[in-house]
Amino acid sequence: VRSWHIAGLPVDGFSIDNAIIVRSSQRWPLIIDPQGQANKWIKNLEKPNNLEVVKLSDSNYVRTLENCIQFGTPLLLENVGEHLDPLLEPLLLKQIIRQGGAEYIKLGENLIEYSRDFRLYVTTRLRNPHFLPEVSIKVTLLNFMITPVGLEDQLLGIVVAKERPELEQQKNELIVEGAKNKKDLREIEGRILEVLSSSQGNILEDETAIQVLSSSKTLSAEISRKQEVASATERQIDLTRDGYKPVAKHSALLFFAISDMANIDQI
(Lines give C-alpha, C1' and ligand atoms only; values in the text may rest on other atoms or scores of the structure.)
Protein backbone atom coordinates (compact mmCIF):
# COMPACT_ATOMS: atom_id res chain seq x y z
CA VAL A 1 0.00 0.00 0.00
CA ARG A 2 2.89 2.35 0.74
CA SER A 3 4.19 1.90 -2.80
CA TRP A 4 0.73 2.83 -4.08
CA HIS A 5 0.80 6.04 -2.03
CA ILE A 6 4.25 6.83 -3.41
CA ALA A 7 2.80 6.40 -6.91
CA GLY A 8 0.12 9.00 -6.15
CA LEU A 9 -2.79 7.05 -4.66
CA PRO A 10 -4.78 9.20 -2.16
CA VAL A 11 -4.44 8.07 1.45
CA ASP A 12 -8.13 7.73 2.28
CA GLY A 13 -9.58 4.26 2.87
CA PHE A 14 -12.02 4.58 -0.05
CA SER A 15 -9.14 5.00 -2.53
CA ILE A 16 -7.16 2.14 -0.96
CA ASP A 17 -10.19 -0.18 -1.28
CA ASN A 18 -10.53 0.82 -4.94
CA ALA A 19 -6.84 0.13 -5.55
CA ILE A 20 -7.10 -3.34 -3.98
CA ILE A 21 -10.06 -4.13 -6.26
CA VAL A 22 -8.18 -2.84 -9.32
CA ARG A 23 -5.20 -5.08 -8.57
CA SER A 24 -7.11 -8.23 -7.57
CA SER A 25 -10.33 -8.24 -9.63
CA GLN A 26 -10.84 -10.94 -12.26
CA ARG A 27 -12.43 -8.43 -14.65
CA TRP A 28 -10.71 -5.37 -16.15
CA PRO A 29 -11.46 -2.14 -14.26
CA LEU A 30 -13.56 0.69 -15.71
CA ILE A 31 -12.83 3.68 -13.49
CA ILE A 32 -14.93 6.83 -13.08
CA ASP A 33 -12.14 9.38 -12.66
CA PRO A 34 -13.29 13.01 -13.14
CA GLN A 35 -10.31 14.50 -11.26
CA GLY A 36 -7.67 12.27 -12.89
CA GLN A 37 -6.62 10.63 -9.60
CA ALA A 38 -6.68 7.09 -10.99
CA ASN A 39 -4.95 8.15 -14.22
CA LYS A 40 -2.06 9.67 -12.29
CA TRP A 41 -1.73 6.65 -10.00
CA ILE A 42 -1.85 4.08 -12.82
CA LYS A 43 0.69 5.99 -14.92
CA ASN A 44 3.17 6.17 -12.03
CA LEU A 45 2.49 2.60 -10.90
CA GLU A 46 2.95 1.02 -14.33
CA LYS A 47 5.70 3.34 -15.58
CA PRO A 48 8.46 0.74 -14.90
CA ASN A 49 6.45 -1.73 -17.03
CA ASN A 50 6.38 0.59 -20.09
CA LEU A 51 2.70 1.49 -19.81
CA GLU A 52 1.00 2.51 -23.09
CA VAL A 53 -1.65 5.25 -22.92
CA VAL A 54 -4.25 5.63 -25.70
CA LYS A 55 -7.68 7.08 -26.42
CA LEU A 56 -10.39 5.55 -28.59
CA SER A 57 -9.97 8.50 -30.95
CA ASP A 58 -6.25 7.82 -31.57
CA SER A 59 -5.41 6.63 -35.07
CA ASN A 60 -3.01 3.99 -33.73
CA TYR A 61 -5.38 2.76 -31.01
CA VAL A 62 -6.02 -0.71 -32.49
CA ARG A 63 -2.36 -1.33 -33.37
CA THR A 64 -1.23 -0.28 -29.87
CA LEU A 65 -3.87 -2.52 -28.29
CA GLU A 66 -2.75 -5.53 -30.36
CA ASN A 67 0.92 -4.97 -29.51
CA CYS A 68 0.20 -4.67 -25.78
CA ILE A 69 -1.84 -7.89 -25.78
CA GLN A 70 0.85 -9.76 -27.67
CA PHE A 71 3.88 -8.55 -25.71
CA GLY A 72 2.29 -8.30 -22.24
CA THR A 73 2.53 -4.53 -21.88
CA PRO A 74 -0.01 -2.76 -19.63
CA LEU A 75 -2.45 -0.45 -21.45
CA LEU A 76 -4.39 2.54 -20.14
CA LEU A 77 -7.43 3.40 -22.28
CA GLU A 78 -8.37 6.85 -21.02
CA ASN A 79 -11.23 9.33 -21.46
CA VAL A 80 -13.79 6.84 -22.76
CA GLY A 81 -17.46 7.82 -23.09
CA GLU A 82 -20.58 5.92 -22.08
CA HIS A 83 -20.19 3.51 -24.99
CA LEU A 84 -17.15 1.28 -25.48
CA ASP A 85 -15.75 0.06 -28.77
CA PRO A 86 -17.39 -3.31 -29.70
CA LEU A 87 -13.87 -4.44 -30.69
CA LEU A 88 -13.06 -4.66 -26.95
CA GLU A 89 -15.81 -7.17 -26.15
CA PRO A 90 -13.71 -10.37 -26.54
CA LEU A 91 -11.00 -8.75 -24.42
CA LEU A 92 -13.40 -7.64 -21.67
CA LEU A 93 -14.95 -11.11 -21.59
CA LYS A 94 -11.48 -12.71 -21.76
CA GLN A 95 -12.53 -15.02 -24.58
CA ILE A 96 -9.12 -16.69 -24.80
CA ILE A 97 -8.57 -19.40 -27.39
CA ARG A 98 -5.95 -22.11 -26.83
CA GLN A 99 -4.20 -23.48 -29.91
CA GLY A 100 -1.04 -25.52 -30.11
CA GLY A 101 0.05 -24.78 -26.56
CA ALA A 102 -0.35 -21.00 -27.02
CA GLU A 103 -3.18 -18.63 -26.10
CA TYR A 104 -4.88 -16.26 -28.54
CA ILE A 105 -7.70 -13.74 -28.53
CA LYS A 106 -9.70 -12.55 -31.51
CA LEU A 107 -9.97 -8.80 -32.11
CA GLY A 108 -12.14 -8.12 -35.13
CA GLU A 109 -10.74 -10.28 -37.91
CA ASN A 110 -7.29 -10.67 -36.33
CA LEU A 111 -6.20 -13.51 -34.06
CA ILE A 112 -3.68 -12.06 -31.59
CA GLU A 113 -1.38 -14.08 -29.36
CA TYR A 114 -2.34 -13.37 -25.76
CA SER A 115 0.23 -12.72 -23.03
CA ARG A 116 -0.78 -13.36 -19.41
CA ASP A 117 1.30 -10.32 -18.39
CA PHE A 118 -1.12 -8.00 -20.23
CA ARG A 119 -3.19 -5.64 -18.06
CA LEU A 120 -5.94 -3.28 -19.16
CA TYR A 121 -7.15 -0.15 -17.37
CA VAL A 122 -10.08 1.92 -18.66
CA THR A 123 -10.91 5.38 -17.29
CA THR A 124 -13.56 8.02 -17.97
CA ARG A 125 -13.61 11.71 -17.01
CA LEU A 126 -17.43 11.75 -16.89
CA ARG A 127 -18.70 12.61 -13.40
CA ASN A 128 -21.95 10.66 -13.61
CA PRO A 129 -21.84 8.29 -16.58
CA HIS A 130 -24.78 6.02 -17.43
CA PHE A 131 -23.24 2.81 -18.67
CA LEU A 132 -25.56 0.25 -20.20
CA PRO A 133 -26.01 -3.00 -18.21
CA GLU A 134 -24.23 -4.97 -20.94
CA VAL A 135 -21.15 -2.80 -20.36
CA SER A 136 -21.30 -2.92 -16.55
CA ILE A 137 -21.41 -6.73 -16.38
CA LYS A 138 -18.21 -7.05 -18.46
CA VAL A 139 -16.01 -4.81 -16.28
CA THR A 140 -15.31 -3.97 -12.65
CA LEU A 141 -16.90 -0.53 -12.32
CA LEU A 142 -15.16 1.71 -9.77
CA ASN A 143 -15.73 5.29 -8.65
CA PHE A 144 -12.43 7.10 -8.07
CA MET A 145 -13.97 10.52 -7.44
CA ILE A 146 -11.86 12.36 -4.92
CA THR A 147 -12.99 12.29 -1.28
CA PRO A 148 -12.64 15.14 1.25
CA VAL A 149 -10.00 13.19 3.21
CA GLY A 150 -7.99 12.37 0.08
CA LEU A 151 -8.13 15.94 -1.23
CA GLU A 152 -7.20 17.36 2.17
CA ASP A 153 -4.09 15.16 2.34
CA GLN A 154 -3.04 16.14 -1.20
CA LEU A 155 -3.54 19.85 -0.50
CA LEU A 156 -1.58 19.48 2.74
CA GLY A 157 1.30 18.02 0.73
CA ILE A 158 1.14 20.93 -1.75
CA VAL A 159 1.06 23.58 1.02
CA VAL A 160 3.95 22.00 2.97
CA ALA A 161 5.97 21.53 -0.25
CA LYS A 162 5.53 25.27 -0.90
CA GLU A 163 6.16 26.51 2.65
CA ARG A 164 8.63 23.86 3.89
CA PRO A 165 9.98 22.00 0.83
CA GLU A 166 12.77 20.29 2.81
CA LEU A 167 10.17 18.89 5.22
CA GLU A 168 8.00 17.42 2.46
CA GLN A 169 11.05 15.93 0.73
CA GLN A 170 12.18 14.30 3.98
CA LYS A 171 8.65 12.94 4.51
CA ASN A 172 8.64 11.34 1.03
CA GLU A 173 12.12 9.88 1.57
CA LEU A 174 11.00 8.32 4.85
CA ILE A 175 7.99 6.73 3.13
CA VAL A 176 10.28 5.18 0.52
CA GLU A 177 12.75 4.04 3.17
CA GLY A 178 9.98 2.52 5.29
CA ALA A 179 8.65 0.56 2.33
CA LYS A 180 12.17 -0.68 1.52
CA ASN A 181 12.79 -1.75 5.13
CA LYS A 182 9.58 -3.77 5.23
CA LYS A 183 10.46 -5.41 1.93
CA ASP A 184 13.92 -6.32 3.24
CA LEU A 185 12.41 -7.82 6.40
CA ARG A 186 10.08 -10.00 4.32
CA GLU A 187 13.04 -11.21 2.25
CA ILE A 188 14.95 -12.10 5.43
CA GLU A 189 11.97 -14.04 6.77
CA GLY A 190 11.73 -15.90 3.47
CA ARG A 191 15.46 -16.71 3.58
CA ILE A 192 15.18 -18.08 7.13
CA LEU A 193 12.19 -20.24 6.22
CA GLU A 194 14.06 -21.57 3.19
CA VAL A 195 17.08 -22.50 5.33
CA LEU A 196 14.92 -24.21 7.96
CA SER A 197 12.97 -26.20 5.36
CA SER A 198 16.03 -27.30 3.37
CA SER A 199 18.23 -28.19 6.35
CA GLN A 200 18.59 -31.90 7.01
CA GLY A 201 19.50 -33.49 10.31
CA ASN A 202 20.53 -31.37 13.29
CA ILE A 203 20.45 -27.71 12.25
CA LEU A 204 23.03 -26.86 14.94
CA GLU A 205 25.58 -28.91 12.98
CA ASP A 206 24.81 -27.16 9.70
CA GLU A 207 27.42 -24.37 9.48
CA THR A 208 25.87 -22.80 6.39
CA ALA A 209 22.45 -22.60 8.06
CA ILE A 210 23.96 -21.11 11.22
CA GLN A 211 25.81 -18.45 9.20
CA VAL A 212 22.64 -17.52 7.28
CA LEU A 213 20.59 -17.33 10.47
CA SER A 214 23.25 -15.28 12.24
CA SER A 215 23.64 -12.79 9.40
CA SER A 216 19.86 -12.58 9.02
CA LYS A 217 19.48 -11.81 12.74
CA THR A 218 22.09 -9.03 12.54
CA LEU A 219 20.51 -7.55 9.42
CA SER A 220 17.01 -7.79 10.88
CA ALA A 221 18.11 -5.97 14.06
CA GLU A 222 19.74 -3.22 11.98
CA ILE A 223 16.63 -2.78 9.83
CA SER A 224 14.41 -2.67 12.91
CA ARG A 225 16.64 0.01 14.44
CA LYS A 226 16.50 2.07 11.24
CA GLN A 227 12.73 1.70 11.16
CA GLU A 228 12.41 2.93 14.75
CA VAL A 229 14.51 6.02 13.97
CA ALA A 230 12.53 6.66 10.77
CA SER A 231 9.21 6.29 12.60
CA ALA A 232 10.28 8.75 15.31
CA THR A 233 11.43 11.26 12.69
CA GLU A 234 8.20 10.80 10.74
CA ARG A 235 6.14 11.54 13.84
CA GLN A 236 8.05 14.80 14.38
CA ILE A 237 7.51 15.77 10.73
CA ASP A 238 3.79 14.98 10.98
CA LEU A 239 3.50 17.24 14.05
CA THR A 240 5.00 20.11 12.05
CA ARG A 241 2.80 19.34 9.03
CA ASP A 242 -0.30 19.38 11.20
CA GLY A 243 0.18 23.12 11.65
CA TYR A 244 -0.81 23.56 7.99
CA LYS A 245 -3.90 21.33 8.22
CA PRO A 246 -6.42 24.18 8.63
CA VAL A 247 -5.32 25.61 5.27
CA ALA A 248 -5.73 22.24 3.57
CA LYS A 249 -9.12 21.64 5.23
CA HIS A 250 -10.56 25.01 4.21
CA SER A 251 -9.22 24.59 0.66
CA ALA A 252 -10.90 21.17 0.38
CA LEU A 253 -14.20 22.61 1.65
CA LEU A 254 -13.92 25.41 -0.91
CA PHE A 255 -13.30 22.90 -3.72
CA PHE A 256 -16.38 20.81 -2.89
CA ALA A 257 -18.53 23.91 -2.34
CA ILE A 258 -17.64 25.19 -5.82
CA SER A 259 -18.19 21.72 -7.33
CA ASP A 260 -21.65 21.48 -5.75
CA MET A 261 -22.68 24.86 -7.16
CA ALA A 262 -23.22 23.08 -10.49
CA ASN A 263 -26.22 21.35 -8.87
CA ILE A 264 -27.98 24.64 -8.01
CA ASP A 265 -31.00 25.44 -10.13
CA GLN A 266 -30.20 28.62 -12.06
CA ILE A 267 -33.84 29.73 -11.88
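**Strands and hairpins: a short tour**

Hi everyone, let's start at a turn: strand 5 and strand 6 form a hairpin with two residues between them, and G108 in that turn has a positive phi of about 65°. By strand I mean a DSSP run of E with at least two residues, numbered from the N terminus. Before going on, please remember that this is a predicted model, where local features need pLDDT of at least 70, side-chain atom pairs count only at pLDDT 80 or more, and totals for chains, interfaces and linings use all residues. Residues are numbered from 1 along each chain as its sequence is written, and side-chain values use heavy atoms, leaving out hydrogens and water.

Back to our hairpin. Strand 5 pairs with strand 6 (residues 110-113) in the antiparallel sense over four bridges; pairing here requires that DSSP finds at least two bridges between two strands. Y104 stands opposite E113 in strand 6.

Which strand forms a hairpin with strand 5 through a turn holding G100? That is strand 4, again with two residues in between, and G100 has a positive phi of about 55°. Strand 4 (residues 96-99) and strand 5 (residues 102-107) are antiparallel, with four bridges, and R98 has E103 as its bridge partner.

Now for strand 1. This strand runs parallel to strand 8 (residues 140-143) over four bridges, with I32 opposite N143. Strand 1 also pairs in the parallel sense with strand 7 (residues 120-124), over three bridges, where I31 partners T123.

In a regular strand, side chains alternate between the two faces of the sheet. Are the faces of strand 1 (residues 29-32) covered or uncovered? Both are covered: P29 and I31 on one side, and L30 and I32 on the other, are all buried, meaning under 20% relative accessible area with a 1.4 Å probe, protein chains only. Thanks for listening!

Terms used. Buried < 20%, exposed > 50% of the residue type's maximum accessible area, 1.4 Å probe, protein only.
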